[in-house]
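Hi there,

Here is the structure I promised to pass on. Have a look at it first, and then read my notes below.

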Amino acid sequence: MIKRNTVFHRKISTRMDLKNMIWRFRRKLLLLGSCSLIFLIFYVENYRDTKMDQSNSMLRSAVYNRRISDLRFNKSIDLGWDELLDNRQRSKSRITQGAGAATSSSLDSDDSMDKFEGKNNKKSNKRTKDFARRLPQAIIIGVKKSGTRALLEYLRLHPKIVAPGPEVHYFDRSYENGLEWYRKQMPKSSPGQLTMEKSPSYFITEGVPERIHAMSPTMKLFLVVRDPVQRAISDHAQSLSKGKRRTLEERVMSESDPTRVNPDSYMVNIGLYAMHLRRWLETFPRSQILVVSGEDLVRKPAVVMAEVQDFLDLERVVTEDYFFFNETKGFPCLKRDPKETVPKCLDGSKGRHHPDVNPAALERLREFYRPFNEQFYKLVNVNFGWS
């Protein structure tokens, strides 16, 4: 009996020893893990501080070198090379005069550099503030399907001009959104750049001239015009490309008398240039409206762009070197840089094939527009020669 108890107690003692050993091992493992974590945190913090010090040192060195470079070439400061080298030598000697002196010199240098960087930051903030969204100083007001997109793309080649991509239609469709909304539709620009936009339906919409004048009485306006008969055919081709199935005759002829042109037709009304321009001339002087030939935009874009840049008081940057005539499409393609070998053409919707039209309907359109064209020629003092 005694022997059995002894064996039993030995087993219990062995189990206790094993548990104590496992507990001690866990405690040591936990302690080792904690120490490793503390060491890792210390190492990472120290590494980050070291890198930040190196980065700050490199930044200060770059700013210092730039400051020295500005001093060298600033004509208002007569700092010769000999004096510059002497200053560097004196700076080196101050560093080697002792830890205290070096530290003091470093602090003085840091204060000086902080002031210098502060001035640069103020200039940078001023430049950022100057780069903002501005209301347009020029607008392409029309005419639809006459070359307004081409003119805008030509103008965008000029570094002094910025313009939004889509048509804004603020003065005819979104006027209730307010002037601040209109400003937000414009791209950011610097004070030396000119902001402009195009919305071709402005030309035929009543009330738009007065709204634009209320915003800016000095606004410069572009009116791109084209033979109204060809404009109507191009407009019809665009409608067909959008899935509409009505013929040109159905669009421009009177329903009651198919042999007579309907002047109230939207497609016909756009081509009554003289009627619409008279309304604009009641608000704006003729000197603020540049009439551009859509045909000339295709035949001689560089000549047109010279006149356009003069009208905007801009340097003649966009010249014949920026254009390449595409025989397949039938209109010029653009070079963003005169050295480019592959010009960029306008999207596929430009230069689309015109549908066949009844010759009798075309002749009636020509007869209808002839007196209105003559009025327009006299109004702008230019004979465009539309047949």
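What follows is a short tour of the nonpolar cores, one helix pair and one histidine.

This is a predicted model, in which local features need pLDDT of at least 70 and side-chain atom pairs count only at pLDDT 80 or more, while totals for chains, interfaces and linings use all residues. Residues are numbered from 1 along each chain as its sequence is written, and side-chain values use heavy atoms, without hydrogens and water.

The largest nonpolar core (buried Ala, Val, Leu, Ile, Met, Phe, Trp, Tyr and Cys residues joined through side-chain atoms within 4.5 Å) has 32 residues. Buried means under 20% relative accessible area, with a 1.4 Å probe and protein chains only. Leu223, Trp280 and Phe376 have the most contacts inside this core. A second, separate core holds 28 residues, including Leu155 and Leu194.

Leu223 touches, among others beyond four places away in sequence, Ile141, Phe203, Leu277 and Phe376 (contact means heavy atoms within 4.5 Å).

Now to the helices (DSSP runs of H or I, at least four residues, numbered from the N terminus). In α8, Pro228, Val229 and Ile233 meet Leu362, Leu365, Arg366, Tyr369 and Asn373 in α14.

Finally, is histidine 169 buried or exposed? At 8% relative accessibility, histidine 169 counts as buried. Setting aside neighbours within four places in sequence, histidine 169 is in contact with Ser174, Ser199, Ser201 and Tyr202.

Best wishes

How values were computed
Buried < 20%, exposed > 50% of the residue type's maximum accessible area, 1.4 Å probe, protein only. Helix = DSSP H or I, 4+ residues; strand = E, 2+ residues; numbered from the N terminus.
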